Amino acid sequence: MSTKVLSQPTSKLWGRSFIFIMLANAIMFMAFEMLLPTLPLFVSRVGGGASEIGLVTGIFMFSAIMIRPFTATLAAKIDKKYLLLTGMAICALMTGAYYLASGVGMILFFRVLHGLGFGLATTYFATLATENIPKDRRGEGMGYFGVGETVAVSMGPLIGTSILKTYDFHGLFYGGMGIILLAMVMGVFVSRKPATINDTNGHKETAVKWIEMKVLFPSLLIMLVGVAAGSIMSFVALYAGEKGFDTVAWFFFVVAISSFLVRLISGKMFDRLGPGSVLVPSAVLVIAGIWLLTVSGSNEMFLCSAALYGFGFGAIFPALQTWCVNLVEEHEHEHAMASFFNFFDLGIGGGAMILGTVASLFSYNIVYYIAIGVMGGFLLLYLAYSRKKA
């Protein structure tokens, strides 16, 4: 695979809309991350087990997948900004609604609706951010876009667990709803880039498209990353409890801080050296982090595994996202981002469902061995692809 090496970027990156969309995205994801270590506990409280927890994660992701193929069609008729705000409003309402659930069935119903809003919001966040980043600084810009998200995400699990201890689940869910409403206020200040000729020529790509074939390979890679990420998102809190670790919130904090630090350099590496300079070492770090998780015997080792995983995941996600954007024309960005996030969510959702069954039949260690194997497959696929292109 060849990627043009660019000269030192000089285009302006930091504008009002880019800053506000970065902040709004960060704040919304903080509310989402507040639920990562806590929602499985709520499912357990209303009578769910490991397989039900996997189902709760999976159905959310599949719901997001179902709405994204329609995002380009919607964007051809309705301003992306309004669609973004609509997705955020749904996320806010459903986050607060979880407290009304008296059983797993009602949680699943709210997760379906929440997933629809999440699918809209994540797609339009990414496309609006892309519109406000100069093409020659896209890797760097998307890295910073992710940094803003990661800074807030680093606080999400800590805030979520702290609220849960102090105010129980009603404080957690209503607090999360309020945070997303704050993100909506930020979103009001985002403006769209004026439409180009390509945007207004009535391209047939505005029809519903489930997969953008131009980005199929990086989308397949992010699906594998999603399986590994799903094993962390869905089961690490329960795994830590089984092992006697009491630093679950700090685990997510370390993951986020590591992701923040690596994105300060990984985007520039992508722009100058291409995807391989980021994807190969990142995959190795993710594998090392998950392996260390399986052998951890102390809180310190547990947090070291979080750092390695965070460095790897923090670089690999924006690299694949930017690669997808670079493979398509501007009027195809919605399709590219929809395919990218759909494959990622398919990995998380499908992986969580399957791995939840594995966990209930065997152990959480087996879950993480499978995740290591999946990331090993990621590395082999990319190396084979690069060798073929070379």
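**Close-up views of an all-helix protein**

**View 1. C304 and C324, two cysteines of the protein.** C304 is partly exposed, because its relative accessible area is 44%, which falls between the 20% and 50% cut-offs. C324 has a relative accessibility of 0%, so it counts as buried, the limit being under 20%. Looking for disulfides? A search of the whole structure turns up zero of them. Keep in mind, here and in the other views, that this is a predicted model.

**View 2. The whole protein, to get your bearings.** How many helices and strands does the protein have? There are 14 helices and zero strands, so the pattern along the sequence is simply α after α, from α1 through to α14. The C-alpha trace spans about 55 × 45 × 30 Å along its principal axes. Is the overall size what you'd expect of a compact globule? With 390 residues, such a globule would have a radius of gyration near 21 Å, and the protein has 20 Å, which agrees. Buried residues make up 59% of the 390. If you take contacts between residues at least 6 apart in sequence, 87% of them join residues at least 24 apart.

**View 3. The surface and its charges.** The accessible surface comes to about 15,100 Å². Carbon and sulfur atoms account for 68% of that surface. As for charges, the protein carries 25 positive and 20 negative ones. How far apart are the mean positions of the two sets? They are 6 Å apart.

**View 4. R68, a buried arginine in a loop.** R68 sits in the loop between α3 (50-67) and α4 (71-75). Buried or exposed? At 0% relative accessibility, R68 counts as buried, because the cut-off for that is under 20%. Leaving out residues up to four places away in sequence, R68 touches F118, G119, T122, T123, A338, F341, N342 and D345. Take F341 from that list: F341 is 273 residues from R68 in sequence, yet their C-alpha atoms are 8.2 Å apart in space.

**View 5. S258, tucked into helix α10.** S258 belongs to helix α10, which covers residues 248-273. S258 is buried, with a relative accessibility of 5%. Which residues does S258 contact, once neighbours within four places in sequence are set aside? They are A306, A307, G310 and F311. For a sense of distance, the C-alpha atoms of S258 and G347 are separated by 22 Å, with the two positions 89 residues apart along the chain.

**View 6. A229 in helix α9.** A229 is part of helix α9 (residues 216-243). A229 is buried too, at a relative accessible area of 3%. Not counting residues up to four places away in sequence, A229 touches Y309, F313 and F344. S44, on the other hand, lies 185 residues from A229 in sequence, and the C-alpha atoms of the pair are 21 Å apart.

**View 7. D168, a residue with a positive phi.** Most residues other than glycine have a negative phi. D168 is not a glycine, but its phi is positive, at about 65°. Where does D168 lie? Look in helix α8, which takes in residues 156-188. D168 is partly exposed, with a relative accessibility of 29%.

Conventions:
Residues numbered from 1 in each chain as written. Predicted model: local features only at pLDDT ≥ 70, side-chain atom pairs only at ≥ 80, totals over all residues. Heavy atoms only, no water. Helix = DSSP H or I, 4+ residues; strand = E, 2+ residues; numbered from the N terminus. Rg over C-alpha atoms; globule rule 2.2 N^0.38 Å. Buried < 20%, exposed > 50% of the residue type's maximum accessible area, 1.4 Å probe, protein only. Contact = heavy atoms within 4.5 Å. Areas by Shrake-Rupley, 256 points an atom, 1.4 Å probe, with all protein chains shown as cover. Lys, Arg positive; Asp, Glu negative; His and termini not counted. Charge placed at Lys NZ, Arg CZ, Asp CG, Glu CD. Disulfide = S-S within 2.5 Å.
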